[in-house]
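Colleague: I'm new to this one, so could you take a close look at a single part for me, the place where the two chains meet? Please spell out the terms as you go.

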Amino acid sequence: MAMVSLAKPDNEKRNARRRPVLSRDFVSILPALLLVLVFFVAPVLALLSRSVTEPVFGLQNYIALLGSSTYLKIFFNTFFVSVLVTVISLVIGFPVAWTLAIMPQRWAMVVFAIVLLSMWTNLLARTYAWMVLLQRTGVINKTLMGMGVIDQPLTMVNNLIGVTIGMTYIMLPFIVIPLYGVIRKIDPAILQAAALCGATRFQSLRLVLLPLAAPGMIAGALMVFVMSLGYFVTPSLLGGTANMMLAELIAQFVQSLVNWGMGGAAALVLLVVTLSLYALQLRLFGLAGGERT
Amino acid sequence: MLLNFNSLGIWKWALLTITVLTAAFLLMPILFIAALSFGSSQWLIFPPPSWTLKWYGALLSDPRWLEAAWTSFRIALIVTFFSVLIGLVASFGLVRGRFMGRSTLRALFMTPMILPVVVLAVALYAFFLRIGLNGTTTGFVIAHLIVALPFSILALTGALEGFDKSIEDAAVLCGASPLRAKLQITLPCISHGLFSAAIFSFLTSWDEVVLAIFMASPTLQTLPVKIWATLRQDLTPVIAAASTLLIIVTVLLMLIAAAVKKGLKA
């Protein structure tokens, strides 16, 4: 942005210089700024600083966190589930977004309403539904057994299968909605040209449509991956204590173990990964995310 | 030709199948919960052996649930008020101001939206423990305000950027005070932005779980905290009833939002 303001016409630059530092426009931002600094930036920094000061000054918390197989397993679980959820959401989300972009408007509206409804339904209500659906005596197990697909009920709660299903359910709309926007903006003439040049449907998909939709897919995938890394509610309800993920670990350090040093260290790990992935996304796509590309 | 629905041949049916199945996957849990809330089985047998309203009765006659719902509503209203007010004032500065670091500030205001909420929850919990705001309405409101404000600023800066300032200037030239011009000309023109800021702020607070779990005390808890605490004990159908009521609130708000959008276009 500094570059942009330098490039402004001269008269505007002079105007800007003549204004007092604390212009009225800046004063109007102060309430929001104070709120964010006092109740967001400062507490988060304070928490992170405790990771190197408690119990004594040093890196002992990070050594404990990265040196224990228990914690490494939690990092692995978090990473594994996030990758899985991202990939499944993309594989399902791409054809759905594609269909939404080209199907008759009226039907697209119906599907869109369902996507929005599922996205806006209370998170706990959705997670509760999956806890009931996936339990040993739940509908899914009963149906599968009734159809003779399985003889024993599948264990789908209190493990990572449940977490993956529940989280994919939550993340799908975050892939479908932006990707729909990206595909809609692709000019159909380009694909017509591909067909006229003799490309088969599969070649058009692989060489034209997928590359054109790729920016939207990468942007959506990065967002879903980052959101999954820090997810708390669904993993703790569907995963159980044996399959903890990073966000639960942070909460547990603070709430049950009252170990602020370790809590701060785990929070820093999560923050560093999250912010670097967002920086990557900003670099690739700018502030507007995938929708502008 | 892949972007023309009718020349897709067999691919059309493959795509339609995936889409219909996905829509069913997205819709199923919601319908399922609604059906179970009227089912008579304590053990959530589906299809239910018979239909009943007893879970709604249990929900609505339990003062703890009602109190939690009232707390949620009260906090969400206060959060909405401050989120829209602070967001509106800040958006004027962000859109019209010409000071340095404006885009950095904008990015700073958006960070609570992208930061894992559990980090904010733990950080605020530590801070509030120190200054004695834990388990208070003020603590709840501040925590929810931090995550609601980005939505407000996003909606309101968008609306203000689409508003032609010369209309406001014309009112000032015609003798209106700058404040009066803002109140009587600008605000009505950006009412759709104000409205979405309000709805998003309200829903953000009303549905928020993670911050609420950390801010809650035994005497002060919101509806999501109450559901969370109950869920950790058992899967009682009372939660299905509570969830269904929440879904109805969401659907109503979505319909209102859609109607307002349509009204604006017409």
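Modeller: Sure, let's start with who touches whom: 84 residues of chain B are in contact with 82 residues of chain A, where contact means heavy atoms within 4.5 Å. Keep in mind that this is a predicted model, in which local features need pLDDT of at least 70 and side-chain atom pairs count only at pLDDT 80 or more, while totals for chains, interfaces and linings use all residues. On bookkeeping, residues are numbered from 1 along each chain as its sequence is written, chains are lettered from A and ligands numbered from 1 in the order in which they are written, and side-chain values use heavy atoms, with hydrogens and water left out.

The size of an interface is often given as the accessible area lost when the parts come together. Here chains B and A bury about 7900 Å² between them, and 83% of that is on carbon and sulfur atoms; buried area is the accessible area (1.4 Å probe) that two parts lose on being put together, summed over both. On the chain B side, L2(B), L3(B) and L26(B) lose the most area to chain A, together 9% of what that side buries.

What about polar links across the interface? Ten residue pairs are in polar contact between chain B and chain A, both residues being at pLDDT 80 or more. A polar contact is a pair of N or O atoms within 3.5 Å; within protein, one must be able to donate a hydrogen and the other to accept it, and residues adjacent in sequence count only if both atoms are side-chain atoms. Helix α1 (residues 10-37) of chain B gives the largest share of the side that touches chain A, 16 residues. Helices (H or I, at least four residues) are DSSP runs, numbered from the N terminus. That side of chain B divides into 68 nonpolar, eleven polar and five charged residues. Ala, Val, Leu, Ile, Met, Phe, Trp, Tyr, Cys and Pro count as nonpolar, Asp, Glu, Lys and Arg as charged, and the others, Gly among them, as polar.

Now for salt bridges: the count between chain B and chain A is zero, a salt bridge being a side-chain nitrogen of Lys or Arg within 4 Å of a carboxyl oxygen of Asp or Glu. Over all chains the count is six. One of them joins R106(B) and E161(B), at 2.8 Å from N to O. This pair links distant parts of chain B, from helix α4 (residues 102-114) to helix α6 (residues 137-161), 55 residues apart.

Definitions and conventions: Helix = DSSP H or I, 4+ residues; strand = E, 2+ residues; numbered from the N terminus.
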